[in-house]
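Q: Could you take me on a close look at one spot inside this protein, and then show me how its surroundings are put together? I'm in my first year, so please go step by step.

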Amino acid sequence: LRHFGGANPAPEGTAFEFAADLLERRGFTYDYISDRQLEGLRVEGSRLITSGGGSYKTLIVPAGHFISLETFERLLALVKEGAVVIAFKSLPGDVSGLADLNARRARLQQLRAEFAFGSFDASGVAEARSGRGTMLRGDNLEALLTRAGVTRESLVDRGLSFSRRRSDNGRTYFLANTSDRDIDGWIRLDDRATKVVLFDPMTGQRGDARTVTAGSGTLDVQLMLPAHSSLVAVTTESSAGHTFDFLVSSGSRTPVGGPWTLRFVSGGPTLPSERRFDRLGSWTETGGDDVKAFSGTASYSTQFARPPGPTTAWLLDLGGVKESARVRLNGHDLGTLIGPTFRVTVDATQLSDTNKIEIDVTNLMANRMAALDRSGVSWKKFYNVNFPARLPQNRRPDGLFSAADWPPLESGLLGPVTIAPLDTRR
């Protein structure tokens, strides 16, 4: 996260920034560690163990000009105890601080000389042995990690992002498809378990995934992750007792048409009057200055007939929503949707011949803020801050922020609302 305090130089273009970006982008899991935390590390075999029990395969030291002499001494001690340490690009060449400078510089060079690196091999890695451990050096960080025996999660190559945690029973993966395309197929997890239980955090559905053990001993899992969706996958040796069912489209979409009734239920500065219309769109375009200034929650409702044909479930797609929606069908709450897609699965048993749908939509506060500033109402009541404007178009003559010139943001249910049949993948 970028810090705007200005106390430290930005990391742009540094080996530190490059290393952090590559590790994240290529699916390597890692943590940052401080000079002080290094003092608490111990070595078991070749693994680095923190005081809190965390276990790591290697320690990366990105190229930098200065390093604390005590930190460098600790790095050397860890290598002698059996650790594998990676010097990405180069080892630091000078000590930090000015106290007893000449003596500390001489000591640093003496310690550096203890690492007698061999020549670079075909992968661009040079190795130096010291005690029971190894120091690796090179410009290709991924090659260095491979030499250190560090594996990665290849699922990032499919466009997935992840976070994982290890427990006594296995690993828990939070998998997110943050792309604009659906992912459907076999995904490899860097884990040696035999089973995976899937959980849908939005619906509460759980069940066993279909898995295959790869030649490398890792696990391939069959997943369907629509754009902007997520799943929790737990590697385990036990079973949920039933299969996790993925639903796939089995027919065309049917529009949920009007007429729609729109009621403004909470918010301000005032509640606009109820209105009816056949075509969905931003409520700021339904006439009147009160809807342009309104920020809050409005409820859309209409009735529709059940589409023909047997099916396992239905996909209700709200289309465009500004900004969040709570959906009720025939009086039953189907959930709150926060986007960027606004879809909910409806069990076939929840549809009647005639159905009433209610969609409560809440917009942003921007339109209300703009109305307050246009009216000269003092609403920026913040302790110890004058609220300066970052953008020149929002800057008053006194330099402070004002939203008075903001045009109304789109708000409400934009649609189109559709419903389509779903069936279980076999």
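A: Let's start at Val-85. Setting aside the residues within four places of it in sequence, Val-85 is in contact with Thr-58, Leu-59, Val-61, Val-79, Thr-134, Met-135 and Leu-136. Keep in mind as we go that this is a predicted model. Val-85 lies in strand β6, which covers residues 84-88. Is Val-85 buried or exposed? Its relative accessible area is 0%, and because anything under 20% counts as buried, Val-85 is buried.

Look again at the partners of Val-85, which come from several stretches of the chain. Among them are Leu-59 and Val-61, and strand β4 runs through 59-62. Another partner is Val-79, and helix α3 spans residues 69-80. For a contrast, find Leu-337: Val-85 and Leu-337 are 252 residues apart in sequence, and their C-alpha atoms are 46 Å apart in space.

Strand β6 also leads us to helix α1. This helix takes in residues 15-25, and its buried residues are Ala-15, Ala-19, Ala-20, Leu-22 and Leu-23. Seen down the axis of α1, these buried residues fall within an arc of 165°, so they line one face of the helix. A bit of background helps here: an α-helix has 3.6 residues a turn, so residues three or four places apart point the same way. What do the buried residues of α1 pack against? They pack against β4, β6 and α5, the last of these being residues 141-147. This brings us back to our starting point, as β6 is the strand that holds Val-85. Just after α1, Gly-27 has a positive phi of about 85°.

Now follow α3, the helix that includes Val-79, over to its partner α4. Helix α4 spans residues 101-113, and it packs with α3 at an angle of about 20°, the two axes being 10 Å apart. That angle makes α3 roughly parallel to α4, because angles under 35 degrees count as roughly parallel. The crossing of these two helices is left-handed. Which residues make the contact? From α3 come Leu-69, Phe-72, Glu-73 and Leu-76, while α4 brings Arg-104, Arg-107, Leu-108, Leu-111 and Arg-112. Sorted by class, this contact has 5 nonpolar residues, 4 charged ones and no polar ones. You can pick out Phe-72 and the leucines on the nonpolar side, and Glu-73 and the arginines on the charged side.

Before you leave α4, look at the loop that leads up to it. Asp-100 is found in the loop between β7, residues 94-95, and α4. Its phi is near 50°, which is a positive value in a residue other than glycine. Most residues other than glycine have a negative phi, and most peptide bonds are trans. Asp-100 is exposed, with a relative accessible area of 57%, whereas Val-85, where we began, is buried at 0%. Asn-330 is another residue with a positive phi, near 50°, that is not a glycine. You will find Asn-330 in the loop between β25 and β26, where it is partly exposed, with a relative accessible area of 27%.

Peptide bonds are worth a look too. Gly-268 and Pro-269 are joined by a cis peptide bond, with omega about 15°, and Pro-269 sits in the loop between β20 and β21. The bond from Gly-415 to Pro-416 is also cis, with omega near 0°.

To finish, compare the helix we began with, α1, with another one, α7. In α7, 7 of the 9 residues are buried, so this helix is largely enclosed by the rest of the structure. Those buried residues are Ala-366, Asn-367, Met-369, Ala-370, Ala-371, Leu-372 and Asp-373. What covers them includes α6 and β22. In α1, by comparison, the buried residues line one face of the helix. Just after α7 comes Gly-376, with a positive phi of about 75°.

Note on methods
Residues numbered from 1 in each chain as written. Predicted model: local features only at pLDDT ≥ 70, side-chain atom pairs only at ≥ 80, totals over all residues. Heavy atoms only, no water. Axes fitted to C-alpha atoms, helices over the stretch in contact; angles between N-to-C directions. Helix = DSSP H or I, 4+ residues; strand = E, 2+ residues; numbered from the N terminus. Parallel < 35°, antiparallel > 145°, perpendicular 65-115°, else oblique. Left-handed = near helix turned anticlockwise from the far one by under 90°. Contact = heavy atoms within 4.5 Å. Buried < 20%, exposed > 50% of the residue type's maximum accessible area, 1.4 Å probe, protein only. Arc of directions from axis to C-beta.
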